[in-house]
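Colleague: I am new to reading protein models, and I would love some company on this one. Shall we go through it together, one question at a time?

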Amino acid sequence: MNKKGVSLIVLAITIIVTIILAGIVILNLKEDNSIQEADKVVFQTEVTEMSKELSLSLSAMELEDETFDRYLVNEIQVNKIRLYIKKFPTKYENVFVIEKGKLKYVGTDSLETEWIKEIENSY
C-alpha cells in the first residue's frame with residue numbers, strides 16, 4: 001500500500017517539474033526575452049555613441065578648415081574610420097562604413113538591421 005502512495009507522489013512531482021520546465025521554455029522562446037533586449041540596448045547605445053563621435057569630429061574639422069565638406073567623407077577602411085571615430089570597436093569592422101559624412105550600417109544581421117531602423121525612426 002505504501003508503494004502506491006509513493007508512486008503517486010513521484011508522479012505528482014514529475015508533473016509539477018514538467019510544467020515548470022515547460023513554462024521556462026515558453027518564456028525563453030518569446031521574442032521579447034531579456035537577453036535579446038539587452039543586446040539591442042548595447043548595440044543601439046554603441047551606434048549612437050559612434051554617430052555622435054563622428055559628428056563631433058567632422059564638426060571640429062569644419063571649424064579648422066572652412067573648405068572641408070563633411071558630406072564628401074566616405075570611408076570603408078577601418079584605419080580611416082578611426083580617424084573620425086577613435087574608439088571604433090573591432091567587432092564592427094565590416095558592419096559600418098562612413099558614407100556622405102554619416103555612419104551607415106552595411107551588415108547583414110536582420111536583428112541589427114531592425115535595431116538600426118528603430119534608431120533612425122527615433123530622430
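Modeller: Happy to! A good place to begin is a cluster that ring pairs form out of Phe 43, Tyr 92, Phe 96, Tyr 105 and Trp 115. Please keep in mind that this is a predicted model.

Colleague: Then let me ask about confidence. Where in the protein is it lowest, and where is it highest?

Modeller: The protein has an average pLDDT of 87, and 91% of its residues score at least 70. Confidence is lowest in helix α1 (residues 2-29), with a mean of 79. It is highest, at 95, in β1.

Colleague: Back to the rings. How many aromatic pairs are there in the whole structure?

Modeller: Two things describe such a pair: the distance of the ring centres and the angle of the planes. Searching the whole structure gives a number of aromatic pairs, and that number is six.

Colleague: Let's take Phe 43 and Tyr 105. What kind of pair do their rings make?

Modeller: Their centres are 6.3 Å apart, and centres within 6.5 Å make a pair. Their planes stand at 90°, and an angle over 60 degrees has its own name. The pair of Phe 43 and Tyr 105 is therefore edge-to-face.

Colleague: How many residues apart are these two in the chain?

Modeller: Phe 43 sits in helix α2 (residues 34-64), while Tyr 105 belongs to strand β2 (residues 102-105). The pair thus links distant parts of the chain, and the separation is 62 residues.

Colleague: Are Phe 43 and Tyr 105 buried or exposed?

Modeller: The cut-off for buried is a relative accessible area under 20%. Phe 43 has 3%, and Tyr 105 has 13%. Because each value is under that cut-off, Phe 43 and Tyr 105 are both buried.

Colleague: Phe 43 also pairs with Trp 115. What kind of pair is that?

Modeller: This pair also links distant parts of the chain, with Phe 43 in helix α2 and Trp 115 in helix α4 (residues 110-122), 72 residues apart. The ring centres are 5.7 Å apart and the planes are at 50°. That angle is neither under 30 degrees nor over 60, so the pair is tilted.

Colleague: Which residues of α4 are buried, and how wide is the arc they fall within?

Modeller: The buried residues of α4 are Glu 112, Trp 115, Ile 116 and Ile 119. They line one face of the helix, because, seen down the axis of α4, they fall within an arc of 105°.

Colleague: What do those buried residues pack against?

Modeller: Let's look at both sides. The face turned away from the buried side of α4 carries the exposed residues Ser 110, Lys 117, Glu 120 and Asn 121. The buried residues, in contrast, pack against α2, β1 (96-99) and β2.

Colleague: Which residue caps the N-terminal end of α4?

Modeller: Look for a side-chain oxygen 2.8 Å from the backbone nitrogen of Leu 111. The residue that supplies this oxygen, and so caps the helix, is Asp 109.

Colleague: One last puzzle. Which atom of Trp 115 does the side chain of Gln 44 reach?

Modeller: Gln 44 lies in helix α2 and is buried, with a relative accessible area of 16%. Leaving out residues up to four places away in sequence, Gln 44 touches Trp 115, Glu 118 and Ile 119. At 3.0 Å, its side chain reaches the Trp 115 backbone oxygen.

Definitions and conventions: Residues numbered from 1 in each chain as written. Predicted model: local features only at pLDDT ≥ 70, side-chain atom pairs only at ≥ 80, totals over all residues. Heavy atoms only, no water. Helix = DSSP H or I, 4+ residues; strand = E, 2+ residues; numbered from the N terminus. Buried < 20%, exposed > 50% of the residue type's maximum accessible area, 1.4 Å probe, protein only. Arc of directions from axis to C-beta. Contact = heavy atoms within 4.5 Å. Polar contact = N/O pair within 3.5 Å; in protein donor to acceptor, adjacent residues only side chain to side chain. pLDDT = per-residue confidence, 0-100.
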